[in-house]
Amino acid sequence: MWAELLPVGRSAASGGYRRFAWTAADAECRAWFREQAERRGLAYETDRNGNQWAWLGDPQAGDAVVTGSHLDSVPDGGAFDGPLGVVSAFAALDELRSRGVEFTRPLAIVNFGDEEGARFGVACIGSRLTAGVLTPEQAYALRDADGTRLPDAMEKAGHDPAAIGTDHERLGRIGAFVELHVEQGRFLTERQPVGVASAIWPHGRWRFDFHGEANHAGTTRIEDRRDPMLTYATTVLAARKKARLAGALATFGKVAVEPNGTNAVASLVRGWLDSRAADEATLERVVEEVRQAAAERGGRDGVRVELTRESYTPVVDFDGPLRDRLARTLGGVPVLPTGAGHDAGILASAVPTAMLFVRNPTGISHSPAEHAEAADCLAGVTALADVLEDLACQG
């Protein structure tokens, strides 16, 4: 399975992946998922929000145990973030069948659409729509860098955007959701190959618009300039400082410049801030301090600063009894928090959710250098199979 999926959407230039929602690479991933389901005799379906499901047992019976993750990527992302959870889900089912277990609850494997938000700027669109965290009206307004609207992209890919929205009926059929994911840090490096998640830090994305004045780089005196690039650069440094002092994280990883000419003073710089912290009060304080620093510098530079919150996810504490049950089943593995968002975090407000992490020896993620050893991946499959057996094969 891994070998089949590995070439899809891979950039020859960077070695990373560009599997963006509702593109040709995404379609290949989705075709792969359907093929895996059909190979195993599972009932395949796509829900109203474009998420893919593969069912063992009656989908309508309720109290189902669900596992899976996502197949899309960030720009030039790694091979493991998302796909490891989907591949491991199918492999865990194969393992359970080889054990000859008897399933007493329905089991489903899911591929959530557009988890990374690389194309339309909002993470976890598929699960957010399903849980009602993102409204259809908000989704219809989303556009990619080329101006393509989300519903138009969905329709072009063969999915009816008129149907998107909260799916209470589907959520009501889920008794537990367990997502396996490669660790996006190095907590497990010197410990065991598999861990259980305790919580997800609150996190969000904010867009800073720095409005200046376009002018000639060769003829405009320094003192006459209203250069938004200066304000932006100072804000990037301020974000690093404020986050470090608060024990939080703040990253400007995306920027757009107008008119984007080498010999021109920019008229507009847009920078996107990703910020995360252990608690919501700290996160709000860090973002506000960054905003204040931007406004102060903008006042000196003659630049107007606007701030827009594009997405926000509050702190997620995974279901305590389910989390503890996983840890017991796996023999007391490490329990750790994470600063990364996941579909499991979005669904946590609606259904009992939990997560397993597989060791990442480098700690690098969202990069072609992302890696997990084969032995650890197989340990993750075994751990997921053990968890699913405990949840779905008991009386």
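The legends below describe an overall view and several close-ups of one predicted protein model.

**View 1. The whole protein.** Residues are numbered from 1 along each chain as its sequence is written. The model is predicted, so local features need pLDDT of at least 70, side-chain atom pairs count only at pLDDT 80 or more, and totals for chains, interfaces and linings use all residues, while side-chain values use heavy atoms and leave out hydrogens and water. The protein has 12 helices and 15 strands. Both are DSSP runs numbered from the N terminus: helices are H or I with at least four residues, strands are E with at least two. The C-alpha atoms fill a box of roughly 80 × 45 × 40 Å along the principal axes. The radius of gyration is 22 Å, which agrees with the value near 21 Å for a compact globule of 395 residues. This radius is taken over C-alpha atoms, and the globule rule is 2.2 Å times the number of residues to the power 0.38.

**View 2. Surface and interior.** The protein exposes about 16,600 Å², and carbon and sulfur atoms supply 50% of that area. Areas come from the Shrake-Rupley method with a 1.4 Å probe; for residues, only the protein chains shown count as cover. Of the 395 residues, 53% count as buried. Buried means under 20% relative accessible area, exposed over 50%, and partly exposed in between (1.4 Å probe, protein chains only). Among contacts (heavy atoms within 4.5 Å) between residues at least 6 apart in sequence, 77% join residues at least 24 apart.

**View 3. Strand 6 and its partners.** Strand 6 spans residues 194-200. Because 7 of its 7 residues are buried, strand 6 is largely enclosed by the rest of the structure. Two strands pair if DSSP finds at least two bridges between them. Strand 15 (residues 353-358) is an antiparallel partner over 3 bridges. There, Val196 of strand 6 is matched with Leu356. Strand 14 (residues 335-338) runs parallel to strand 6, with 3 bridges. Ala197 stands opposite Leu336 in that strand. Strand 13 (residues 316-317) pairs with strand 6 in the antiparallel sense over 2 bridges. Here Ala199 has Asp317 as its bridge partner.

**View 4. Strand 7 between two listed partners.** Strand 7 covers residues 203-211, and 7 of its 9 residues are buried. Strand 11 (residues 268-276) runs antiparallel to strand 7, joined by 9 bridges. In this pair, His211 faces Leu268. Strand 12 (residues 304-313) is also antiparallel to strand 7, again with 9 bridges. Asp209 stands opposite Glu306 there.

**View 5. Ser88 in helix 3.** Helix 3 spans residues 83-99 and holds Ser88. Ser88 counts as buried because its relative accessible area is 2%. Its side chain reaches the backbone oxygen of Leu84 at 2.7 Å. Not counting residues up to four places away in sequence, Ser88 touches Leu180, Val381 and Leu384.

**View 6. Nonpolar cores.** In soluble globular proteins, nonpolar side chains tend to be buried together. A nonpolar core is a set of buried Ala, Val, Leu, Ile, Met, Phe, Trp, Tyr and Cys residues joined through side-chain atoms within 4.5 Å. The largest has 50 residues; those with the most contacts inside it are Trp32, Phe33, Phe90, Leu326, Leu330 and Leu356. Apart from it lies another core of 25 residues, including Cys124, Leu171, Phe177 and Met355. Leaving aside neighbours within four places in sequence, Leu326 contacts Val178, Val196, Ala354, Met355, Leu356 and Val387.

How values were computed: Polar contact = N/O pair within 3.5 Å; in protein donor to acceptor, adjacent residues only side chain to side chain.
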